[in-house]
Structures are given as structure tokens and as C-alpha cells.
Amino acid sequence: MIRRILYWIFSSTLQAGFIFSQIQVTASIDVNHISKNETLGFKIVAVNADGTPNVDISPILNEFKIISGPAQQTNIQWVNGAMTSSRSLSWTLLAKKEGKLNIPSLNVTIGKQIFRTNPIGILVEKGAGRAQMANLFIEAKSDKEQAYPGEQVTITYRLFTRLNLSIEDIEYPKSVGFWNEDLRVGVAQTPRFRDIQIQGVEYKVATLYKAAMFPTQIGKLTVNPMTVICNVEKPSRRRPGGVFDDPFFNSMFRETQRQFVQSDSLDIEVMPYPKTPPADFTGAVGNFGIESWVDTSNVKVNEAITFHVLLKGTGNLNQFNLSEILFPQNMEVFPPTSYFQKDEFRDDLTGEQNFEYILIPRSAGNFRLNPVTLTYFDTGSESFLTTQSKHVQVIINPGDRDVIASTKFNREDVDLIGEDIRYIRTQNPKWLPKGKQSIPVWVWSTYFIAAALFIFPGIFGKMKDSRISTADFRKSRGALKLALKDLSNNPDDPFAHTAVVMYRYFQSKLFLSSDNLDPLFIEIELSGKISPDIIAETVSIAKICDAGRFGPDADKSEDTLQKQAGELLKKIDRELV
Amino acid sequence: MRYSFILVILSSLLFGQSLDSLFHLANRYYDMEEYYQAANYYEKLSGEVEHEDLYLNLGNAYFRMGEIGHAVWAYEKGHALSPRDGDINYNLSYVRSQVRDRIQGPDDLFFLSFYRAILEKLTILDLITLGGLLFIGLGGLYVLRLNGAISEKLGGILNSILLVSVVAAGWIMLDKYWDVSDKHEGIIIASAIDVRSSPIARGENVVFRIHEGTKVEITTAQPGWLEIILLDGKKGWVSAEEVRTL
């Protein structure tokens, strides 16, 4: 009787559970990535089914061969007083061909109800698959397979597992030809798993490592695999039904096995830039903006200015230098300091890089600091773009110059406090026509004067000689006429007058330079030029004149003296011609 | 001060911008530390006329703006017009000291250095004037000897000295003329420029880099490009826009 009551209670409870639970039918496979010669398990589970499911397996027979099955299994679980039952059918399948295969939706009949399973995709590869590792593998995935140098390639390593495990160690990938920048992930050794179903297969997945990789060279680059050492929990080998076959003891006597898991390697093809990079390209790839400013724009000479350059955007920040900034040359520039602030919440490497230059102006003036330019490769438009900041105006005032008051009495050198250019000139200049410089007249005149000094003295000399000779000749020719005219006059002293007229005649006629003439001199000068008689007569008259001028008997010949002198001069003139 | 400045502007507007009023206006802008405006007016003037004072002021305005290349160019122009101008020489030397490139030419013999220093300090006009004065001396000596006012021996010595001086002055004058007429120079006005091995803008043909204010000799010109040679013999091509010819 008691046995009947218990059976009734049990069966009615079971029926009540079935009434209040819905029937769910799902299809799953134990691995979705296999090689051609590997088998896979296919299972259809009907939860809360009150009868054995009847499955029409024929649609999968085109692509799969049934190796074994179906195997039936029934499970009943009590959780928190609620019962769950499931009936499953399992097959072992073998793929007939390679490629992306599909287990289509199947009709499952339970009682009078027909259910449809979910379709499942399977990748069948030619080579060795991950059949052995189906329960534990690492997926290495890159967001792109082709990139330009400096372009970000984000690589994510995810651990998929169907086992309970703990991570002992991780060997991160070290790849040649890339610049690595770690992106935000949790603590890799204690990953945060979440459940995921991949094409019908249930997994626990955790992101182990995420990196922004920037290719630094052209060609086919390989990202090396990542290796993880795990301690995988093994199912208990104890025989069921023993004393310690209880979850409590299972947790105490859990066995683990050390296991190495390695991801696949990835190939990234790095292409050359589509155009020749400009000369000022320093390797920036991405999308950037640049700003520059100074902390103060009005300082005195020798006071420091901080020149800030802020580079912000997305791309290979912190991996390239700014092109050389050319400051005014009268400013001393100290090497810049820079710091990089990464935006932690974005997968694309984004952030701000700040450069600080200390400038010391060494002379006064109103300066314009050149804009800072950055040429970068924009992967979106696949072209080189240039961004630049604005000009920065800086006013440098002269420094404070204290009045130099020397209290010493000894002389010393003037203290040089600073150097500067000399001031402008404000007087109106004598403008010169542009490009038409002429030689001033006064410069030419020096050459004329010099030429005149060479030429004119000769001409003057000749002219003078000519003029002198002409005058003397004229005088010589008119000497007789003048003398006769003078002799016709009646002077007070005829002797002296006659003597003067005669001597003047000889002086002109004979081109004599001396004024001191006497009878002896006349005789000598006339000798050989006229006849001796006339010379004698001339001397005689000259002596009479002298005697008359100075002697007492002069009055005897006073009346005829001038006539005789006139006649004599005429004879001489005839003889001298 | 402000009223006088307005007066200058008004007068220049009313009576047309004569050269002197433009110069005065530019000077006022310089005094007000409006160096851009000042340089603008000085440049305007330099397009029509030239004078060493104009180039001195222009160079100062550019220097205050931090434009070392243009400043050196202006001082060089002023120096060519008036090589013995103390202010221009001082400012030029001061600005040159701030040029980044230190280019050391080959060491010359003392005589050659001395000769070049003389050549640099004299203009062609100076040399023409010097030649004229030496000719006058020679002519005066001739007159003196002609009139016997000087002894034959002293006359002969002086004559030889003057003749040698005239010949030397004539040679220096010719040399200076050839130097001025055949030599084309320029000043780098861009902050820094890449000098290339060929007149093509490619990243890989840069042979060296020079900076603002450096003086270069221009040997060949092509559309958009100039072949330059530095004092130490380095040679290459630069964009013509980056060089201001003297």
C-alpha cells in the first residue's frame, strides 16, 4: 500500500512538472572545426519531453555519413525542488566533403508535436583540425588582413573552453616587424569567462590579450602564436556509487592536468603606400589634428616661454616624431619633453601627445612662431594629408637694463649687458632710381681734369712761343718807322732823345733783350750784319750822342744830329733786311 | 605722437604717397612696433628706388619680425650699395651670427684675404673715383716736370708710383665689375630647406639641409629651381621660392 502511495506521489509530481514546463529541442555538435577524416558528435536534446523524440535524419545524409547512432539517453535533475528531464539522441558523423558544411534544420517529432532544430555550420578543413583541442583552444583574430605601414591592426586572442581550468602562464606573441601597443584587457591570468554558443556549441570564452599592432615594414608579416599554459580539471576517475561519489567530495579531490594551448599564427600583408610619401612625412598614419600655443605671449628678453604642441587623434601616436619645428633663430630652444595620454576605452589607439618646448628669446622684437605641420597618411582616403596649427605671435620686450653707475674711479671696460641691432635711419635719403645707378659728374670730371693736365700745358707752351715770336717780328718790322717818327719830334735834349731812339731801334730790330746798350755793344751786335762803314758811322753818332748828353761840346752838331741819325737808321734798315 | 602719425597718413593720402612720405610712414610704423606694416612700406619703396638707409630699415623691420633670411637679404643689399656703412655692417654681422648654418670657406693666403677685404670694402664708383684722382695726380706731376718745378729724380719716382697705382686701380675696378656682373647670389628665406641632388622633389634625393639666412651662390636656374653652391663647395638644387636673389 505504502509503495502505491509513494508511486502515486512521484508520478503526479513528475506529471505536474511536465505540465508546467515547456518542451525545448536543441541540436548541437561537439566541435565545429574539423579535418575531413575526423568525426564529430551530433546531439539533439529534448528538454521536458514526455516521450522519446523521433528524428528525421535524412536531410544531413547528403553531406555526412552516420558512423554510429542514434544513442538514446535520459536525464532527470532536481534543482531547488524543480525537476528537469531531458531526452537526447546522439550520432557520430563523418563529413563527406571539405568546406563549410551545414547541418540543416531537422524535424523532431515528440508525441504529436513537431519541433525544428536549429541549423548548425561546420568547417571541414583538409588538414589537421582542432578535433583534439575542441574543448580548449585559443582564437587569434585580426580585424584586417592587409594594412599599410603604420596602420593599426587589432589582434584579439580569445580562449574558448568547455572545461574548468585555471591559467598558469601566458606567453605573449612577439612578432618581428610590428610595433605593439597593448590595449585594454583584464588580468589575463584570471580571465573573466562568459558563456557563448558558437554555431550550436556551448563554450566559455575569455579575452586574454588584445593588441594594436602597427607594421613597420612592407611585405608579408607573421604574427607569432600565443601560448597559454592551463591547468585543466579532469573528470573524476572514481567509480560511481562509491562513498565519496558526492559533489562535496568532488570539489575536494579535483584532479587537474597541465596543458599547453597555442593559437594559430596570423599573416598580415603590409602594402606599400599608394603614393610616394612627401619629404616631410615622418611616419604618421591615422587621422590627426594639431594645435600649438604659448603659455605667455608677452615676455622680456631672456625670459622663458613654454611652447606647447598638442597632437591628438587616432593612429600610430607615440611612434613618430614631429617634423622639425623651426623657431626664430634668436630664440634658444631646449629639447622638448613629451607625454602621451591614451584613451583607454577605445580599441583604435587614440589619445593626445603633448610636446613642450622651452624657448629663451635672446633679442627683442615682435615674432611669429611658425605653424607646426604634420603630414600623415589617411587610411580612409588612402592619401597623404597635412594638418597644421596656427601661427603664434610672441612679443619680446627689451630686458630690464639697470643704470650703470660706476662708483669706482679707475677706468674699466664698459659692461655689455645685451646686444641688439642698431636703430633705423629717419632722415629722408637721396633716392637713387632702382637699377639705374649713374656715375656722378664730379667723378667723370676727375678724368677730364687729368686729361686737361696732360693736353693743355703743351698747347699753352706752343701758343705762347708763337705769340711772342709774332710780336717781336712785328715790332722789328715797325722799328724804323717808329724811330723816324720819334726823331721828327723836338725834344729838350736832342742827344739823349736820339740815343734813346737809336738804342730802341736796335733793341727791336735785333731782338735784343738787354736795355743797357752802349756804342761798344752796338758795334759788336752789328758786326758782320752790316758794312763796317755804317758800323763806324753808327758808333760815331752813338758816341756824339753820349758826348752831347754828358760832354761840354755837344751843341756843335745838335741841329744835324737827328737828321744824321734818321739817315743812318734808314741805311742800317736796308742793310739788315 | 598719435596726432603726428595721423597727420603723416593724411598728408600721404592728400598729396599722393611720395617717396619721402612713404619712408616717413614706414618709420612711424616701425616706431609703433608695427613691423609688418613697416616692412610692407619699405618693400614698396624698394621696388621703385634704392638707398642704403632704406635697406637698413627694411632689414631691421624683418629682424624684429624674426624673418632672419629677409633681414640678411636687406642688409646685404644695403652693404652692396654702401660697403663701409658702419650700422649696416654691424647689423649684418649681428644677424649673421644668428644664422644656424656655419659654413667655413677654404683658408686663403694672407694676400688673397687682404685683396678680397679691399674688394669688399669698395664699390665700383669708389674705384672709378680713385682712378680719376690718380690720373689727376699723374697729370699734375707731368705739369710740374714740364715746368721743371720738381727734380727729375723725384719726378721719376713719383711717376712710377702713380703709374703702378693707376694700373692696380684699373685691375681692381675690372675685377669688381666682373664680380658684380657675373656672380649671382641669394639668401635662403625659408626656415630650412632640403637641398637636392636634382631639380625633382623626391624624398630620397635630399643631399643636405640649410637654414634661413644662409648666403648661397646661384650657378644655374631652371623654372622653379635654382642650383646653388655653398662657400665650402657643397652643391645642389633648391626650390626657387625659397631663395631671394640679391
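# A guided tour of a predicted two-chain model

Begin in chain B of this predicted model by selecting the two helices H4(B) and H5(B), where B:Glu52, B:Tyr55, B:Leu56, B:Leu58, B:Gly59, B:Tyr62 and B:Phe63 of H4(B) meet B:His70, B:Ala71, B:Ala74, B:Tyr75, B:Lys77, B:Gly78 and B:Leu81 of H5(B). Sorted by class, the residues of this contact are nine nonpolar, three polar and two charged. To show the helices in full, select residues 52-65 of chain B for H4(B) and residues 68-81 of chain B for H5(B); their axes come within 8 Å and cross at roughly 165°. Because angles over 145 degrees count as roughly antiparallel, H4(B) is described as roughly antiparallel to H5(B). The handedness can be noted as well, since the crossing of H4(B) and H5(B) is left-handed.

**From chain B to chain A**

Next, select residues 49-50 of chain B, which form strand S1(B), together with S31(A); the two strands pair in the antiparallel sense over two bridges. If you pick out A:Pro433, you will find that its bridge partner in S1(B) is B:Val49.

Now widen the selection to the whole meeting of the two chains, where 34 residues of chain A are in contact with 50 residues of chain B. On the side of chain A that touches chain B, strand S27 (365-369), strand S31 (432-433) and helix H3 (441-477) of chain A each supply at least two residues. Which of the elements of chain A gives the most to this side? It is H3(A), with eight residues. Coloured by class, the side of chain A that touches chain B shows 19 nonpolar, nine polar and six charged residues.

**Chain A as a whole**

Hide chain B for a moment and look at chain A alone, which has eight helices and 31 strands. Of its 577 residues, 24% count as buried. Among the contacts in chain A between residues at least 6 apart in sequence, 73% join residues at least 24 apart, and the next stops visit several places where separate stretches of the chain come together.

**Strands in chain A**

Select the open sheet of three strands in chain A, whose order is S12-S21-S18 and whose pairing is mixed. Strand S12 (146-147) and strand S18 (219-223) stand at the edges with a single partner strand each, so one side of each is left without a neighbour in the sheet. Staying with S18(A), you can follow its antiparallel pairing with strand S21 (residues 266-270) of chain A over five bridges; within that pairing, A:Val223 has A:Leu266 of S21(A) as its bridge partner.

From there, move to strand S19 (residues 227-234) of chain A, which runs antiparallel to strand S14 (residues 165-171) of chain A and is joined to it by six bridges. One of the residues to label here is A:Asp169, whose bridge partner in S19(A) is A:Ile229. S19(A) also pairs in the antiparallel sense with strand S20 (residues 255-262) of chain A, over eight bridges, and here A:Cys230 has A:Gln259 of S20(A) as its bridge partner.

**Two buried leucines**

Select A:Leu208, whose place is in strand S17 (residues 201-215) of chain A. Is A:Leu208 buried or exposed? A:Leu208 counts as buried, because it has 24 C-beta neighbours inside 10 Å, and the cut-off for being buried is 20 or more. A:Pro191 lies 17 residues away from A:Leu208 in sequence, and the two are 6.6 Å apart in space, C-alpha to C-alpha.

Then go to A:Leu374 in strand S28 (residues 373-378) of chain A, which counts as buried because it has 22 C-beta neighbours inside 10 Å. Leaving aside neighbours within four places in sequence, A:Leu374 is in contact with A:Ala284, A:Phe288, A:Ile290, A:Leu311, A:Leu322, A:Thr386 and A:Thr387. A:Leu311 is 63 residues from A:Leu374 in sequence, while their C-alpha atoms are 9.1 Å apart in space.

**A last pair of helices**

Finish with helix H5 (residues 494-509) and helix H7 (residues 532-550) of chain A, whose axes come within 8 Å and cross at roughly 140°. H5(A) passes H7(A) in a left-handed crossing. To display the contact, select A:Phe495, A:Ala496, A:Thr498, A:Ala499 and A:Met502 of H5(A) along with A:Ala542, A:Cys545, A:Asp546, A:Gly548 and A:Arg549 of H7(A). By class, this contact of H5(A) with H7(A) has six nonpolar, two polar and two charged residues.

How values were computed: Residues are numbered from 1 along each chain as its sequence is written. Chains are lettered from A and ligands numbered from 1 in the order in which they are written. This is a predicted model: local features need pLDDT of at least 70, side-chain atom pairs count only at pLDDT 80 or more; totals for chains, interfaces and linings use all residues. Two strands pair if DSSP finds at least two bridges between them. Helices (H or I, at least four residues) and strands (E, at least two) are DSSP runs, numbered from the N terminus. Two residues are in contact if their C-beta atoms, placed from the backbone, lie within 7 Å. Ala, Val, Leu, Ile, Met, Phe, Trp, Tyr, Cys and Pro count as nonpolar, Asp, Glu, Lys and Arg as charged, and the others, Gly among them, as polar. Axes are lines fitted to C-alpha atoms, for helices over the stretch in contact, and angles run from 0 to 180 degrees between N-to-C directions. Angles under 35 degrees count as roughly parallel, over 145 as roughly antiparallel, 65 to 115 as roughly perpendicular and the rest as oblique. A crossing is left-handed if the near helix is turned anticlockwise from the far one by less than a right angle, and right-handed if clockwise. A residue is buried if 20 or more other C-beta atoms lie within 10 Å of its own, exposed if 12 or fewer, and partly exposed in between; C-beta atoms are placed from the backbone.
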